[in-house]
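Visitor: Please take me closely through one part of this model, the largest pocket, and then place that part in the chain around it.

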Amino acid sequence: MMKTVIEQLSSYKSVHLNRKNIHTHFIGVPMIIWSIALLLASVSFEVVINNYLGVAQVNFTLAAILSIAVFIYYLILSLPLALLAFILFGPLMWSVHEVVKVEHHIIIAISVFIIGWVIQFVGHHYEKAKPAFFDDINQLFIGPLFVIAEIYFSLGQGRILNKKITEKAIEKRRIFEQKKHNNIC
């Protein structure tokens, strides 16, 4: 059974309670998304569509396909957050399709990817907790949604959702810290 948006975001937020860590994610997560999308945009293929209007060739990239799949996943989890993700990450994806035309775009993508992860790990140094994807690889897809949710909440939207996520995250963090303490002793 698929986890709810509250379950997904509370798991992610449980290791993202420190404001400095959250702020690093506003920079690092978009950098990582952009760099991965740039690499995936390097792989493209054409699909020939033959319909009553005639024949059309449509060019797809792996970046576009993954973006559509993730957007659908976000839609299933939360319509408002998915729409905000579309608004905020749409220009990011557009820029990818422009930069992919640059001669050394692979070097650019790898550099931005590394810098983005360095920023992420600096944030986790403040948090004193490992990144969420260490325990659940699916959390890599939730990271961007977490950033979107934090923006959504900072705009005064979704107060009840934010409260539920935060309460559940604090409880998960408490259990995590207790287990960590018991393993040390």
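Guide: On a 1 Å grid over the protein atoms alone, a pocket is an open set of points where a 1.4 Å probe fits, with protein on both sides within 12 Å along at least five of seven lines, and its lining residues have an atom within 4 Å of a point. Grid points are joined across faces, edges and corners, and a volume is the space filled by probe spheres set on those points. The model is predicted, so local features need pLDDT of at least 70 and side-chain atom pairs count only at pLDDT 80 or more, while totals for chains, interfaces and linings use all residues. Residues are numbered from 1 along each chain as its sequence is written, and side-chain values use heavy atoms, with hydrogens and water left out.

The largest pocket holds about 840 Å³ of space. Its lining comprises 36 residues, and Ile 33, Val 70, Tyr 74, Phe 141 and Pro 144 are the ones nearest the centre. With Ala, Val, Leu, Ile, Met, Phe, Trp, Tyr, Cys and Pro taken as nonpolar, Asp, Glu, Lys and Arg as charged, and the others, Gly among them, as polar, this lining divides into 26 nonpolar, ten polar and no charged residues. Helices H2 (19-41), H3 (62-77), H4 (79-99), H5 (105-127) and H6 (139-154) each give at least two residues to the lining, helices being DSSP runs of H or I with at least four residues and strands runs of E with at least two, numbered from the N terminus. H3 makes the largest contribution to the lining, eight residues.

Tyr 74, one of the residues nearest the pocket centre, touches Leu 79, Ala 82, Ala 85, Phe 141, Pro 144 and Leu 145, leaving aside residues up to four places away in sequence; contact here means heavy atoms within 4.5 Å. Tyr 74 is also among the residues with the most contacts inside the largest nonpolar core, a group of 40 residues in which Val 5, Leu 9, Trp 34, Leu 38, Leu 81 and Leu 145 share that standing. Such a core is a set of buried Ala, Val, Leu, Ile, Met, Phe, Trp, Tyr and Cys residues joined through side-chain atoms within 4.5 Å, where buried means under 20% relative accessible area, exposed over 50% and partly exposed in between, with a 1.4 Å probe and protein chains only. H4 supplies the largest share of the core in question, nine residues.

Two residues of the helices named above show contrasting settings. Thr 24 belongs to helix H2 and is buried, because its relative accessible area is 12%; Thr 24 touches Ile 119, Gln 120 and Gly 123, again leaving aside residues up to four places away in sequence. Ile 65, in helix H3, is partly exposed, because its relative accessibility is 37%, and with the same exclusion it touches Phe 45 and Phe 60.

The second largest pocket holds about 270 Å³, and its 13 lining residues include Ser 11, Ser 14, Val 15, Asp 135 and Lys 172, which lie nearest its centre. Its lining has four nonpolar, three polar and six charged residues.

The chain as a whole has seven helices and two strands, in the order α-α-β-β-α-α-α-α-α along the sequence. Its C-alpha trace spans about 70 × 35 × 30 Å along the principal axes, and buried residues make up 37% of its 185 residues.
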